[in-house]
Amino acid sequence: MTSKAALLGSPRDWAIDFAVATGVGAFLGVVGPYGSFFNGPLGVRLAYWIGVTWIGAAVFGLAVRLSLAAGRRLNVPAWFMAAVAALLGAAAQAAIVAQVAVALWPHLKRFTPFIWYIQCLAISIPLVVAYLLMRPRLLGPADAPPVPISPQLPEPGPAAEVTGAPVLCLRMEDHYVRVHTLGGSRLVAGPFERVIDGMAQEGLRVHRSWWVARAAVTGVIADGRNLRLTLRGDLSAPVSRASVARLREAGWLKAEPSGGN
């Protein structure tokens, strides 16, 4: 799987999203919220609401995935990025849904854009919250992209290795850990601390979401008060301010870091 595919989700991810959307749409079609119960027979309502939830699955599936990925890069909490995705996604969904609904039922032209937005937001927020809570249970390690390293994670221990190839760094991604090697990367099941405990090579946790092997470090870059470690394989890892003193004590930051953009 390419990095783009990993970012946007696998076909199985999207199949789950649309299956859930179909179930939610069928339920809404039966109960007919916002007065839609009086807008035609059951078949029409089912087609409309399933279509609406499919639109939502596409809009929010993309928005939430991209926002969570951006949050990991910026070290912003997932709940905040998901809230931003919900607010923006509801606007996009409302613009599309309003056109579909008015085409089916012209008398709905009286609704203002704000009403459409609030209606979409009221349904979308609970679904985004449920998505964040249930996704770790719906998806499993089988979703990890195949790369040429050992697929099994051994029991933690002082001499255990996570993979058969030298590990450059580990990065926490939600309930999984991405293992980077020169041959590629893959996801393994967390928690992060357990995977770190399984590493035999020398390394340190340099950030809440990053562990780095000492042998992988090629340099240090300063961007204002922020530090980043440059690694083999064209990788880099952020250094939290709380970790700077520990890295200096361990001899990782012997010289003043060079400036960079």
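# A tour of helix H7 and the salt bridges

Start by selecting helix H7 and colouring Ala 242, Ala 245 and Glu 249: these three are exposed, on the other side of H7 from its buried residues. Keep in mind throughout that this is a predicted model.

Next, select Ser 243, Val 244 and Leu 247. All three are buried, and they belong to H7, which runs over residues 241–249. Look down the helix axis: the three lie on the same side of H7 because they cover an arc of only 120 degrees around that axis. The general rule is that an α-helix has 3.6 residues a turn, so residues three or four places apart point the same way.

What do the buried residues of H7 pack against? Show strand S4 (203–207), strand S7 (226–231) and strand S8 (235–239); the buried residues of H7 pack against these strands.

Before leaving this region, step just past the end of H7 to Gly 251. Its phi is positive, at about 85 degrees.

Now turn to the charged side chains. How many salt bridges does the structure hold? There are four, and three of them are visited here in turn.

Select Asp 17 and Arg 65. They form a salt bridge in which the closest N and O atoms are 2.8 Å apart. This pair links distant parts of the chain: Asp 17 sits in helix H2 (residues 11–31) and Arg 65 in helix H3 (residues 42–74), with the two positions 48 residues apart in numbering. Are these two residues buried or exposed? Both Asp 17 and Arg 65 are buried.

Move on to Arg 205 and Glu 193. Here the closest N and O atoms of the salt bridge are 3.2 Å apart. Arg 205 lies in strand S4 and Glu 193 in helix H6 (residues 192–197), twelve residues apart, so that this pair too links distant parts of the chain. Strand S4 has already appeared on this tour, as one of the strands that the buried residues of H7 pack against. Switch on the surface at this stop: Arg 205 is partly exposed, with a relative accessible area of 25%, and Glu 193 is partly exposed with a value of 43%.

The last stop is Glu 202 with Arg 214. Their side chains meet in a salt bridge, at 3.3 Å from N to O. Both residues are in loops: Glu 202 in the one between H6 and S4, Arg 214 in the one between strand S5 (210–213) and strand S6 (217–223). They are twelve residues apart. Arg 214 is partly exposed, with a relative accessible area of 30%.

Notes
Residues are numbered from 1 along each chain as its sequence is written. This is a predicted model: local features need pLDDT of at least 70, side-chain atom pairs count only at pLDDT 80 or more; totals for chains, interfaces and linings use all residues. Side-chain values use heavy atoms; hydrogens and water are left out. Buried means under 20% relative accessible area, exposed over 50%, partly exposed in between (1.4 Å probe, protein chains only). Helices (H or I, at least four residues) and strands (E, at least two) are DSSP runs, numbered from the N terminus. The arc is that of the directions from the helix axis to the C-beta atoms. Contact means heavy atoms within 4.5 Å.
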